[in-house]
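Hi there,

Here is the structure I promised to pass on. Have a look at it first, and then read on for what I found when I went through it.

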Amino acid sequence: MTEPRQVRITDSTLRDGGHAMAHRFTEGQIRAVVHALDDARVDVIEVSHGDGLGGSSFNYGFSLEDEIEMIAAAVDEARTAKIAVLLLPGLGTVEDLRRAHHAGASVARIATHCTEADVSPQHFAAACELGMETVGFLMLAHRIGPAELAKQARIMVDAGAQCVYVVDSAGALVLGEAQARVSALVSEIGHEAQVGFHGHQNLSLGIGNSVLAVQNGASQVDGALCALGAGAGNSPTEILAATFERIGIPTGIDVARVLAAANDVVRPFVPRLPVADRGAIIQGYAGVYSSFLLHAERAAVRYQVPVHDILQRVGDAGYVGGQEDMIIDVALGLAAEADRVG
Amino acid sequence: MRQLSAAIVGPGNIGTDLLVKLLRSEVLRLHSMVGVDPASDGLTHARKLGVPTSADGVDWLLAQEDLPDLVFEATSARAHLANAPRYEAAGITAVDLTPAAAGPFVCPPVNLGGVADAPNLNMITCGGQATIPIVSAVSSVVPVAYAEIIASIASRSAGPGTRANIDEFTQTTARAIEEVGGAARGKAIIILNPVDPPMIMRDTVFCAIPPDADTAVITGSIHKMVAEVAAYVPGYMLRADPQFDAPRDIWNGMARVAVFLQVQGNGDYLPPWAGNLDIMTAAAARVGEQLCGARVAA
């Protein structure tokens with residue numbers, strides 16, 4: 001085990017939280033959350049559609065407000081925090097990144113499925129050219145082993161990533177599995193880049209996995225206030241801050257203020273807090289992309305089929321982040337089967 | 001019917017799959033297969049099938065006394081941009097399967113009639129060939145303010161060129177959804193899925209339609225178009241009937257039609273799951289055959 005070190009927390013309430021809010025944040029909510037996080041001395045605040053830049057769509061849900069204007073509002077509100085954006089190549093483009101940078105975003109987080117890092121160099125090159133800080137995101141990291149994941153991290157670092165995250169998009173990694181992946185990345189890229197961890201609460205392990213990640217050399221961790229995020233939500237930023245302080249790992253966050261941010265700013269406007277219900281647990285158990293939850297719930301109502309059946313089948317099919325359209329297809333298939341049986 | 005002769009430049013996976021399709025054609029005569037590497041699998045395959053080959057590139061092709069009427073280019077955007085003016089100067093019509101887009105976009109069942117005289121035709125993208133016919137089927141019966149497509153392909157069917165410049169796919173396809181498909185605004189998304197065994201290409205088309213649109217007319221138009229595409233891509237099919245959703249405020253008061261497609265390849269040179277590559281070569285072959293018809297009629 002390496003010596004405890006400082007960990008930097010990136011708050012993703014205003015990005016991953018979009019999944020739980022059906023991407024309907026108002027400008028007022030964005031300003032209030034940025035203000036409160038900045039006040040609590042959170043270093044980095046991510047602001048984008050839940051599926052990243054350009055995510056506003058039929059497939060993922062339309063944003064309430066124009067995302068570039070929202071990024072500009074967040075930049076305007078932040079005094080010391082950096083504003084980060086997420087970009088999924090294949091959905092967002094270099095052009096989207098340029099617009100976000102022009103609006104004041106200074107951290108580019110480029111996300112690919114864990115086996116597809118070689119679609120990202122174009123976007124890392126653009127981020128570097130724009131002078132942005134760069135972070136790579138290897139999503140659904142449970143789908144491949146530690147050694148393979150480390151090779152993908154290498155591709156991102158060679159393309160310009162200054163940090164690569166193990167992203168447990170399904171909340172499916174169980175303790176040692178998260179640990180092993182973080183360790184593999186640290187030994188592959190640790191001399192040139194940082195390693196990060198992004199957890200989900202589907203099996204209630206977001207915080208535990210994050211602590212293990214840091215104890216194994218990760219220096220960046222993601223959270224969201226009130227766990228506001230896909231599936232059963234993200235590792236709650238306020239619990240990360242409290243837990244790391246208790247075990248003597250400095251995050252720089254003011255615990256009292258971040259607790260206030262969660263309780264007084266976010267909780268009042270959230271219509272439904274993320275919870276580890278049957279659907280979310282199945283996501284962790286079957287390794288399903290957390291953002292699929294609300295889409296599966298809607299398809300379940302529309303086609304009168306059980307949400308956990310949809311999620312289980314989506315997991316069996318090996319669908320990856322971005323394939324929200326396949327949820328409707330799966331629901332149609334289940335409905336057709338039910339008709340035949342009935 | 002008089003035959004047009006056609007050369008294939010670029011003996012990679014796409015060029016070789018196209019070779020197999022063109023050999024089946026009754027109206028196109030294969031002139032040659034041209035590459036730059038004598039050891040390439042594609043050239044070897046062509047030789048075995050009795051097709052003249054050369055590894056001396058376009059220089060060899062243009063030095064022939066008997067020039068082809070058509071050239072199908074399956075190299076790279078950069079190579080095609082260099083070659084395109086040379087084909088045109090030699091009076092050869094180019095069917096471009098690269099992302100170069102030197103000439104107008106063509107999607108055979110939608111707009112070939114309008115661009116058949118162009119010296120250079122661009123085949124858009126795989127996702128474009130799969131989805132633009134559907135956007136057009138909808139926009140031909142109701143106004144489409146916005147159309148969005150999601151193309152999911154097997155990771156193994158995405159080559160290094162596609163991966164290095166994936167924005168080219170999303171931007172080119174989005175533009176063609178507007179210019180060829182007839183949507184006021186287009187958006188394209190591509191997903192690479194590494195599952196094993198590889199997934200068959202899937203495409204989803206969402207169109208914003210007026211709240212009072214006649215769903216039966218739209219459904220009829222879509223079914224008709226699917227049959228037209230299936231005539232040259234036998235593995236092109238609807239997964240389910242078009243799905244209609246009632247108008248919503250968050251859709252600016254518009255209703256929505258969703259169309260779920262599967263594109264299974266013909267297994268000519270590439271495996272059946274590579275429907276994305278099959279639909280490009282099948283559409284290109286279709287363009288070649290229809291150009292024959294157009295030129296003979298003229």
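Let me begin with chain A, whose secondary structure consists of 14 helices and eight strands. Its radius of gyration is 19 Å, close to the 20 Å that the globule rule gives for 342 residues, so chain A is as compact as a globular protein of that length. Please keep in mind throughout that this is a predicted model. Along the principal axes, the C-alpha atoms of chain A fill a box of roughly 60 × 45 × 40 Å.

As for the inside of chain A, 64% of its 342 residues count as buried. If you take the contacts between residues at least 6 apart in sequence, 77% of them join residues at least 24 apart. On the outside, chain A has an accessible surface of about 11500 Å², and carbon and sulfur atoms account for 52% of that. Chain A carries 24 positive and 41 negative charges, and the mean positions of the two sets are 2 Å apart.

Now to chain B, which has ten helices and twelve strands. The radius of gyration here is 19 Å, close to the 19 Å from the globule rule for 298 residues, so chain B is also as compact as a globular protein of its length. Its C-alpha atoms fill a box of roughly 65 × 50 × 30 Å along the principal axes. Of the 298 residues, 60% count as buried. Among the contacts in chain B between residues at least 6 apart in sequence, those joining residues at least 24 apart make up 69%. The accessible surface of chain B is about 11200 Å², with 51% belonging to carbon and sulfur atoms. There are 20 positive and 29 negative side chains in chain B, and the centres of the two sets lie 3 Å apart.

How much area is buried between chain B and chain A? It is about 2900 Å², and carbon and sulfur atoms give 54% of it. The residues in chain B that lose the most area to chain A are Arg163(B), Asp167(B) and Ile250(B), which together make up 17% of what that side buries. In terms of residues, the contact takes 36 from chain B and 36 from chain A.

Two residues of chain B are worth finding in the viewer.

One is Ser155(B), in the loop between strand E7 (146-154) and helix H7 (160-164). Is Ser155(B) buried or exposed? Its relative accessibility is 8%, which is under the 20% cut-off, so Ser155(B) counts as buried. Setting aside residues up to four places away in sequence, Ser155(B) touches Glu116(A) from the other chain, along with Arg163(B), Leu192(B), Asn193(B) and Pro194(B). That Arg163(B) is one of the residues named above for the area lost to chain A. The C-alpha atoms of Ser155(B) and Gln3(B), which are 152 residues apart along the chain, are separated by 38 Å.

The other is Val95(B), in strand E5 (residues 93-96). Val95(B) counts as buried because its relative accessibility is 0%. Leaving out neighbours within four places in sequence, Val95(B) is in contact with Val71(B), Phe72(B), Glu73(B), Leu121(B), Met123(B), Ala284(B), Val287(B) and Leu291(B). Ala284(B) is 189 residues from Val95(B) along the chain, yet the C-alpha atoms of the two are separated by 6.9 Å.

Happy browsing, and all the best!

Terms used: Residues are numbered from 1 along each chain as its sequence is written. Chains are lettered from A and ligands numbered from 1 in the order in which they are written. This is a predicted model: local features need pLDDT of at least 70, side-chain atom pairs count only at pLDDT 80 or more; totals for chains, interfaces and linings use all residues. Side-chain values use heavy atoms; hydrogens and water are left out. Helices (H or I, at least four residues) and strands (E, at least two) are DSSP runs, numbered from the N terminus. The radius of gyration is taken over C-alpha atoms; the globule rule is 2.2 Å times the number of residues to the power 0.38. Buried means under 20% relative accessible area, exposed over 50%, partly exposed in between (1.4 Å probe, protein chains only). Contact means heavy atoms within 4.5 Å. Accessible areas come from the Shrake-Rupley method with a 1.4 Å probe; for residues, only the protein chains shown count as cover. Lys and Arg count as positive and Asp and Glu as negative; His and the chain ends are not counted. The place of a charge is taken as NZ of Lys, CZ of Arg, CG of Asp or CD of Glu. Buried area is the accessible area (1.4 Å probe) that two parts lose on being put together, summed over both.
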